[in-house]
Amino acid sequence: MTIVSLFILGLLVGSFLNVLMYRLPRGEQFVAGHSRCPHCGHELAWYDLLPVISYLMLRARCRYCHARISVQYPIIELVSGLFFVLGHSVVAIIFLEVFLVIAVIDYQHLIIPDSLLVVLGIVGIVDGVSRTDVYSALVAGGFFFLLWLVSRGRWIGFGDVKLAGAIGLVFGFPGTLAIIYGAVIIGGLLGVILLSLKKATMKTALPFGTLLSLCAGIYILFQDPILEVLASLSFW
């Protein structure tokens with residue numbers, strides 16, 4: 001397929017991802033059923049759902065109630081299109097898309113749907129899980145479980161425990177360690193910035209699953225240079 005074809009296919013998949021991001025946290029059916037405006041509930045026509053194009057043509061307003069359409073929709077579609085172009089394999093693209101959905105849902109709702117973790121696990125197994133990957137899953141999941149247990153769920157949620165285990169299964173060593181390193185560093189910097197700006201307190205919940213998913217996506221796209229840099233810094 002050409003780059004243009006891949007990008008268009010990615011846009012279409014991104015439109016479906018937006019449906020998942022809206023319906024999964026609400027326990028709604030996402031395989032069947034017509035899309036509706038979240039504000040007025042009006043059923044949307046096919047020409048209201050064209051990736052990016054409909055958003056621009058409607059000037060970010062619902063055709064029926066004129067409520068503002070979130071900029072999330074075209075952004076997710078464009079990011080999905082880029083993933084299809086930049087992903088080096090079908091498996092990599094699937095992982096990128098799933099981590100994107102997890103990142104947004106955890107950021108907005110502080111939950112990580114088990115169904116998405118199951119997808120990661122199944123694809124990881126089909127792609128070929130080694131003994132090292134299983135060990136990494138147990139170590140990463142076990143470490144996060146201890147954090148959850150000691151803090152009684154105040155530091156991280158149990159969804160983060162399961163996500164860490166899934167990441168270990170998918171990436172093995174040293175990928176899992178690199179991803180966790182990145183998430184911890186970004187989370188620490190973000191926390192300091194938010195505290196200094198008084199946008200958060202020590203009790204503010206941090207969507208750590210979003211950070212893990214972000215770092216997992218970055219690792220998938222830039223695995224070789226990341227490992228080279230970390231090896232040069234003697235991280236392992």
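In this predicted model, Lys 162 pairs up with Asp 114 in a salt bridge, and the closest N and O atoms sit 2.6 Å apart. The pair links distant parts of the chain: Lys 162 belongs to helix 7 (residues 158-196) and Asp 114 to helix 5 (residues 114-128), with the two positions 48 residues apart in sequence. Neither partner reaches the 20% or 50% limits that would make it buried or exposed: Lys 162 has a relative accessible area of 33%, so it counts as partly exposed, and Asp 114, at 43%, is partly exposed as well.

Altogether the structure holds three salt bridges. Another one joins the side chains of Arg 63 and Asp 48, at 2.6 Å from N to O. Here the partners come from loops: Arg 63 lies in the one between helix 2 (53-57) and helix 3 (72-86), and Asp 48 in the one between helix 1 (3-23) and helix 2, so the contact ties together parts that are 15 residues apart in sequence. Their surroundings can be told apart by accessibility. Arg 63 is partly exposed, with a relative accessible area of 37%, whereas Asp 48 comes out at 9% and is therefore buried, the cut-off being under 20%.

That leaves the pair of Glu 43 and Arg 36, whose side chains meet in a salt bridge at 3.7 Å, N to O. The 4 Å limit for a salt bridge takes this pair in, because 3.7 Å falls within it. Glu 43 is partly exposed at 33% relative accessibility, and Arg 36 is also partly exposed, at 49%. As for the background, side chains of opposite charge can pair when their charged atoms come close.

Moving on to nonpolar residues, a surface patch of about 510 Å² is built from Met 1, Val 4, Ile 8, Leu 9 and Leu 12. One of these residues, Leu 12, is located in helix 1. Leu 12 has a relative accessible area of 49%, which puts it in the partly exposed class, and since patch residues need over 30%, this value lets Leu 12 qualify on accessibility.

Finally, there is helix packing. Helix 7, the home of Lys 162, packs against helix 8 (residues 208-221) at an angle of about 100 degrees, and their axes are 8 Å apart. Helix 7 is thus roughly perpendicular to helix 8, because an angle of 65 to 115 degrees is given that label. Sorted by class, the residues in the contact of helix 7 with helix 8 are 17 nonpolar, five polar and one charged.

Methods:
Residues are numbered from 1 along each chain as its sequence is written. This is a predicted model: local features need pLDDT of at least 70, side-chain atom pairs count only at pLDDT 80 or more; totals for chains, interfaces and linings use all residues. Side-chain values use heavy atoms; hydrogens and water are left out. Buried means under 20% relative accessible area, exposed over 50%, partly exposed in between (1.4 Å probe, protein chains only). Helices (H or I, at least four residues) and strands (E, at least two) are DSSP runs, numbered from the N terminus. Patches are made of residues with over 30% relative accessible area and no salt bridge: like charges are joined within 9 Å, nonpolar side chains (Val, Leu, Ile, Met, Phe, Trp, Tyr) within 5 Å. Accessible areas come from the Shrake-Rupley method with a 1.4 Å probe; for residues, only the protein chains shown count as cover. Axes are lines fitted to C-alpha atoms, for helices over the stretch in contact, and angles run from 0 to 180 degrees between N-to-C directions. Angles under 35 degrees count as roughly parallel, over 145 as roughly antiparallel, 65 to 115 as roughly perpendicular and the rest as oblique. Ala, Val, Leu, Ile, Met, Phe, Trp, Tyr, Cys and Pro count as nonpolar, Asp, Glu, Lys and Arg as charged, and the others, Gly among them, as polar.
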